[in-house]
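Biologist: Please take one part of this model and describe closely how it is put together. I should like the terms defined as they arise.

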Amino acid sequence: MSKLDIHLNGFKVELSAPTFKAYVQNLPNSQQLKSFIELLGDEWFFHWRKGKLYGIPKVTNPQKPFGQMEDFICNEHLQFLSSRINYLLPLIFSSYSPLKHKPFTFLAQKKELISEVISTVNNLPDIISSFKVFPKYILEPKIFEIQNGESGIGLFLRLKTDWQIQASLSTLQNEGVELRDLYVVRRQCTRGQRRLVGRIDRLSEKIVYLSESFDKIDSIDEEEVWLERSKASFSSCLKAILGYKYKNFESALNNEQSNLLIGPAVETTITTMHKFLASNSPLDLAPGLQGKIGERIEAINTKEYQSVITASSVEYCFDAARTKRSPYAWVGIDQYGPFSRQTFSKKTPEIIVFFPDTAQGSVENFLVTLRDGISIPKQKVDKYGKVEWQETSQYIGGFAKIFGLVNPKFTLQPIPWLKNTHNPPATVYRETIERTLASREIMADAAMVVLLDNHTRLRDSENPYLHSKSLLLMAGIPVQEVRLATINQLKNDRQYTLQNLTVALYAKMNGVPWTVDHDLTIHDELVIGVGSCELSGSRFTEKQRFVGITTVFRGDGNYLLGNLSKDCTYDEYPNVLRTSTLSILQEIKNRNGWQPDDTVRLVFHAARPLKDVDVADIIAECVAEVGSEQNVEFAFLTISHDHQFTMLDKSQQGLKVKEGERKGIYAPERGTILQIGRYSRLLSTNGPILIKRSSTPLPTPLLINLHPQSTYRDLTYLSEQVLKFTSLSWKSLLPASDPVTIYYSELIAGLLARLKNVRGWSPAMLNIKLRASKWFL
C-alpha cells in the first residue's frame with residue numbers, strides 16, 4: 001500500500017490574535033432573534049448561541065446601539081467566528097448571485113455542461129440548449145480538530161452540479177413531455193415566499209393547474225414558474241424529447257460530469273479556489289481580529305499522535321467458531337457454505353414462483369440454473385498444444401448444493417396473461433395470488449414474482465410487484481422480484497446475478513449467509529439501527545405520520561430482528577420511540593439472558609435524527625432503565641454521507657482500467673479513518689478497488705459523530721465496526737456504502753413509503769412472522 005498523504009478539501013483560517021472584541025446580550029429564546037435582525041440588521045451582524053446573542057457592527061459607528069462590548073477568547077468562540085466568516089463570503093464573491101446563503105452556495109459563470117455535450121453529440125434538437133447543468137460550489141466554514149486540543153476553523157469546498165430547465169412549460173408539452181406530477185417553482189420570489197409552488201395536474205392555455213400546492217393555490221400563470229431544478233425532472237423531460245438518442249446524450253453528459261468530479265479535477269478546483277481566497281484575504285472578522293486563508297488542511301501522523309489510520313481488511317466468517325474465513329463473500333460461501341448451514345431450519349424450502357404464462361419456458365430454464373447451477377464450457381490448451389474443454393462458472397453448484405439445501409421445491413404458478421391483457425397488470429397479479437393463497441393450507445417459505453420489464457416503471461398504485469409483495473408479506477411470505485430481462489440473461493451474466501439473488505433469497509428465509517470477524521471481549525454486544533419513515537406521501541401537507549424503524553444485530557453482524565413502531569404523529573414520535581426501544585431492549589435482554597453485573601455494550605447507529613427530537617437522550621434513558629442491573633457501555637453514533645468534507649489521498653495514483661485510463665485516482669483506500677473532531681471521524685468505505693470506472697466521481701466518506709452522552713467512546717473501535725457493518729449487506733456480494741444498520745433502515749423506509757400506496761396494505765405481519773426475515777432486500 002502506498003504511503004498515506006491525506007488532504008482535506010479545506011483551508012485553514014489563521015486568526016491574527018488570540019482574542020477579539022464583540023458585543024453581547026442575554027437572549028434566552030432564539031425566536032426573538034428575528035425581531036433584532038429586523039430592527040438592527042442593517043448595522044449589526046448577529047449570532048445566537050446558548051441563551052446569548054452576540055453582535056459585531058457592520059459599520060464603523062452604528063447609530064443603533066446593542067449590548068455590551070466584551071473581550072472574547074477566539075478558541076472558545078469558534079462557532080461564532082465560523083458564522084461570521086460565512087456572512088462575509090458573499091462579499092468576496094460579489095459578482096456571483098448566491099444560490100443559498102448558509103452554507104454559501106453559488107454557480108459557475110464560465111462553465112456549463114450541456115453546451116459541452118451539444119458540441120460533441122450530433123443532431124440534437126434546439127430545445128436542448130434550454131437545459132443547463134452548472135458546476136455548483138459550496139463553501140462552508142467548519143470547526144476541525146485533527147489532533148486533540150488543536151481545534152481551528154477551516155473553510156471547506158464541495159463541488160456538485162445544479163440542474164435547470166429554462167424552457168417554458170408550453171414548449172416542453174409541445175415536445176411531448178408529460179408534465180403531470182412534475183413540480184414547479186417560482187422564477188422570482190418575493191420576501192417570505194416559498195420557491196416551490198406545487199405539483200402539476202395539467203397545463204391549459206398558459207395556466208398551470210395544480211393537483212397539490214402550498215397555500216391552497218389551485219393554479220398559477222405559466223410565465224411565473226419553471227420546472228423544479230432536479231435531476232428527476234431533467235431526465236423525465238429529456239427521455240421524452242430525445243427518445244432513442246437519450247442513451248448517447250446521457251453517456252456524453254456523464255463524461256462531462258466525470259471530468260468535473262473525479263479526483264484530479266476536484267484537486268484542481270480546490271487549488272484554484274485556494275489561490276482566489278488567499279488573494280482576497282485577510283477577512284475583517286471583528287474589531288481587532290482578522291482571518292487569513294492559510295494552507296490546505298492535511299492529516300499528518302506524528303510519533304505522539306495518529307490522526308489517520310487504515311483499518312484492517314474485513315474478513316467474512318462462515319462458522320460460529322470463526323475458523324472458516326475468506327476475504328471474499330462468494331468464495332467463502334462456495335467453499336464452506338453459509339454461516340447458518342448447520343442451523344438453518346428450512347432445509348427443504350418451498351418457493352412459489354408467480355410468472356406471466358407467456359414466459360413459462362424462459363422461467364423454467366432460469367429456475368433449473370438457479371437450483372442446479374450454471375456450467376460454461378471453456379477451452380484450455382496445454383503446453384503440448386492439446387485442446388481440452390472444461391466446465392466452469394461462478395455459480396457451478398446451484399442453490400441447493402451451495403447453500404446446503406435438500407431438494408428445494410419450486411412451485412410454478414402461471415399468471416394467465418394471454419387471457420387478461422385488457423385488465424390492469426396489478427389486478428391480474430392480485431387475483432392470481434389471492435386465489436393461490438386461499439387454496440393453500442401451508443404457506444410457502446418464500447415467493448418469487450416475475451415481471452415484464454415495462455411493468456416495473458408503473459406508478460406504485462398500479463405496480464404489479466408492489467401489489468404482489470403486499471399480499472404475500474401480509475401472508476407472512478417474503479418475496480423476491482425477478483425481471484424478465486434478468487430471466488433472459490446470457491449465462492456469462494446470469495452466473496453473477498444468481499449469486500446476488502440466492503444470497504438475498506436465503507436471507508429472506510431467515511438464513512445467515514455470512515458474518516464478519518469479531519473478537520468479543522464482553523458478555524454481549526448489540527448494534528442497533530434507529531431510523532424512521534415519513535408516511536405523509538406529499539411535500540405539501542404537514543409532515544405528521546411517522547413509523548419508527550429498528551434493526552438489531554449482534555456485534556458480529558448476525559441479524560437478530562427488525563421492529564416497526566406503530567405509526568404516529570410528529571409530536572407523538574418521542575414517546576412511541578421510547579416505548580418501542582424499551583420493548584426491544586427488554587426482549588433482547590431476556591433472549592440473551594443478561595445476568596446481574598454482566599458487561600453489555602449497546603451501540604446505536606442513526607442516519608438523520610428528526611429535527612427537535614433528541615433521539616440520543618431518549619435512547620440513553622431506555623438503556624439506563626433496562627440495563628440497571630448490568631454494566632452497560634453505551635454509544636450513540638450518527639452516520640451520514642451528507643456533509644461538507646472530502647478526503648483526497650495525493651499518493652493514490654489509482655488502478656489501471658485499460659491503456660491510458662486509471663480509476664480511483666486520489667481516492668483513499670477503503671478503511672481509511674481520519675479524525676476530523678474530538679468526537680468525529682471520516683471513514684472511507686469505497687476505495688479504488690471497489691470503484692467501477694475511471695469516470696466514477698471521487699467517493700464521499702462517511703461522517704461518524706459520537707454523541708457526548710455516550711459512555712463508550714473508543715471511536716477507532718466504533719469506526720472499524722461501522723466499516724465491518726458495510727460488509728454485512730446481503731442484498732449484494734459487494735460492501736454497501738453505508739453500514740447495514742443505516743442501509744437496511746433506508747430499504748425498509750423506502751418499501752414502506754411505496755407499499756402505503758397499495759390498497760389494503762397493512763404492515764402488521766412484519767412484526768409477527770417476518771421479524772427475523774430480511775424481507776426488504
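Modeller: Helix H11, residues 425–438, lies across strands S19, S22 and S23, and its axis runs at about 135° to that of S22. Angles run from 0 to 180 degrees between N-to-C directions, with axes fitted to C-alpha atoms, for helices over the stretch in contact (heavy atoms within 4.5 Å). Helices (H or I, at least four residues) and strands (E, at least two) are DSSP runs, numbered from the N terminus. The model is predicted, so local features need pLDDT of at least 70 and side-chain atom pairs pLDDT 80 or more, whereas totals for chains, interfaces and linings use all residues. Residues are numbered from 1 along each chain as its sequence is written, and side-chain values use heavy atoms, with hydrogens and water left out.

The strands under H11 belong to an open sheet of four strands, in the order S22-S19-S23-S24, with parallel pairing. Two strands pair if DSSP finds at least two bridges between them. The edges of the sheet are S22, residues 409–415, and S24, residues 479–483; each of these edge strands pairs on one side only. From one strand to the next, the twist averages 20°.

Within this order, S19 (residues 350–356) and S23 (residues 446–451) pair in the parallel sense over four bridges. In this pairing, Phe354 stands opposite Val449 of S23.

A further helix, H12, spans residues 464–474 and lies across S19, S23 and S24. The axis of H12 runs at about 165° to S23. Both helices therefore lie across S19 and S23, H11 with S22 as its third strand and H12 with S24 as its third strand, by the criterion of contact given above. S22 and S24 are the edge strands of the sheet.

A separate position may be set beside this sheet. Glu267 is placed in helix H7, which comprises residues 263–279. The side of the burial scale on which Glu267 falls is clear: Glu267 is buried, because its relative accessible area is 10%; buried means under 20%, exposed over 50% and partly exposed in between (1.4 Å probe, protein chains only). Once neighbours within four places in sequence are left aside, Glu267 is in contact with Arg296, Leu648, Lys650 and Tyr666.
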